Amino acid sequence: LAVHLGFDAALVVGSMLDVPEPNHGSVVIDVDGTVWLADSSLLLGSPHRMVPEGSSTRCRGYRSRLTPDGDTWMLVTDSPRGDLPCRLQPGPRTAEEYRERHERTRAASVFNEVPHALRHLDGGVQFLVDRDLVVWTEGGPTTTALDEDARREWLRHAGFSDAVVAAALGG
């Protein structure tokens, strides 16, 4: 999309949970000489400037920070289970490499054990991990344990199809 709009943009790979095998994709965009990280998967609320001193974002109490770390960048966001690190590896990647990496890592992803979903909904940032729903607002995070019916309903409200919900929850 960024390239279509006339920006100089490149795909980059990252490693969620800072594991050795890259398992995440992101986009770096150059806007008039300033380089930005635009990571739609982590729903940062706004892009990060990629500058030597690092940068941070805050959206309704949901925080993220990006800092250089040697020849890589470390993106850390809030999650229901504490900090969620993602090591970004510089250098453009192709769409084919993205597809190949996705196929190679999707079956064994650390996020496959239980449902994980992150959405901007109802005036807050909502992050579901298994049955724990954390809602970040300006007042801070609030955690609610959901029963099976409430979890299914939240996933539908968050925009997941019945087929995806059934597959994630085992039927």
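These are legends for six close-up views of a predicted model.

**View 1. Eight strands line up in an open sheet.** Here we look at a sheet whose order is E4-E3-E2-E1-E8-E7-E6-E5, with antiparallel pairing. E4 (48–49) and E5 sit at the edges, and each has a single partner strand, so one side of each has no neighbour in the sheet. In general, the strands of a sheet pair through backbone hydrogen bonds, and they can do that in parallel or antiparallel fashion. Let's take E1 (residues 8–16) as an example. It runs antiparallel to E2 (residues 24–31), and 7 bridges join the two. If you want to find one spot on this pair, look for Leu 11, which stands opposite Val 27 in E2. Helix H1 (residues 95–105) packs on the sheet and touches E1, E2 and E8 (84–93). The direction of H1 makes about 20 degrees with that of E1.

**View 2. Strand E8 has E1 and E7 as partners.** E1 and E8 run antiparallel and are joined by 5 bridges. On this side, Gly 14 has Leu 88 in E8 as its bridge partner. Now turn to E7 (residues 72–77), which also runs antiparallel to E8, with 5 bridges between them. Here Thr 77 has its bridge partner in E8 too, namely Leu 84. How many residues lie between E7 and E8 in their hairpin? There are 6, and Gly 82 in the turn has a positive phi of about 105 degrees.

**View 3. Edge strand E5 shows two faces.** In E5 (residues 55–59), which residues make up the covered face? They are Ser 55, Thr 57 and Cys 59, while Ser 56 and Arg 58 make up the uncovered one. E5 is joined by 5 bridges to E6 (residues 62–69), and the two run antiparallel. Right by the turn, Cys 59 has Tyr 62 in E6 as its bridge partner. This hairpin has 2 residues between its strands.

**View 4. Two loop residues have a positive phi.** As a rule, most residues other than glycine have a negative phi. Asp 18 goes the other way: its phi is positive, near 55 degrees, and it is not a glycine. You'll find Asp 18 in the loop between E1 and E2. Is Asp 18 buried or partly exposed? Its relative accessible area is 34%, so Asp 18 counts as partly exposed. Arg 60 is another non-glycine residue with a positive phi, at about 55 degrees. Look for Arg 60 in the loop between E5 and E6. With a relative accessibility of 33%, Arg 60 is partly exposed as well.

**View 5. A four-strand sheet has helix H2 lying across it.** This open sheet has the order E9-E10-E11-E12, with antiparallel pairing. E9 (116–121) and E12 are at the edges with a single partner strand each, so each has one side without a neighbour in the sheet. On average, neighbouring strands in this sheet are turned by 20 degrees against each other, ignoring direction. E11 (residues 132–137) pairs with E12 in the antiparallel sense over 6 bridges. Within that pair, Val 135 has Thr 142 in E12 as its bridge partner. H2 lies across E9, E10 (124–129) and E11, and runs at about 55 degrees to E9.

**View 6. Helices H2 and H3 cross, and Leu 146 sits in the loop before H2.** Two packed helices can be described by the angle and the distance between their axes. The axes of H2 (residues 148–157) and H3 (residues 162–169) come within 9 Å and cross at roughly 140 degrees. H2 and H3 are therefore oblique to each other, and their crossing is right-handed. On the H2 side, Glu 148, Arg 151, Arg 152, Leu 155 and Arg 156 meet Asp 162, Val 165, Ala 166 and Leu 169 of H3. Sorted by class, this contact has 4 nonpolar, no polar and 5 charged residues. Next, find Leu 146 in the loop between E12 (140–145) and H2. Its relative accessible area is 12%, so Leu 146 counts as buried. What does Leu 146 contact, leaving aside its neighbours within four places in sequence? Its contacts are Leu 128, Arg 131, Leu 133, Arg 151 and Trp 154.

Note on methods: Residues numbered from 1 in each chain as written. Predicted model: local features only at pLDDT ≥ 70, side-chain atom pairs only at ≥ 80, totals over all residues. Heavy atoms only, no water. Buried < 20%, exposed > 50% of the residue type's maximum accessible area, 1.4 Å probe, protein only. Pairing = 2+ DSSP bridges. Axes fitted to C-alpha atoms, helices over the stretch in contact; angles between N-to-C directions. Parallel < 35°, antiparallel > 145°, perpendicular 65-115°, else oblique. Left-handed = near helix turned anticlockwise from the far one by under 90°. Contact = heavy atoms within 4.5 Å. Nonpolar A, V, L, I, M, F, W, Y, C, P; charged D, E, K, R; others polar.
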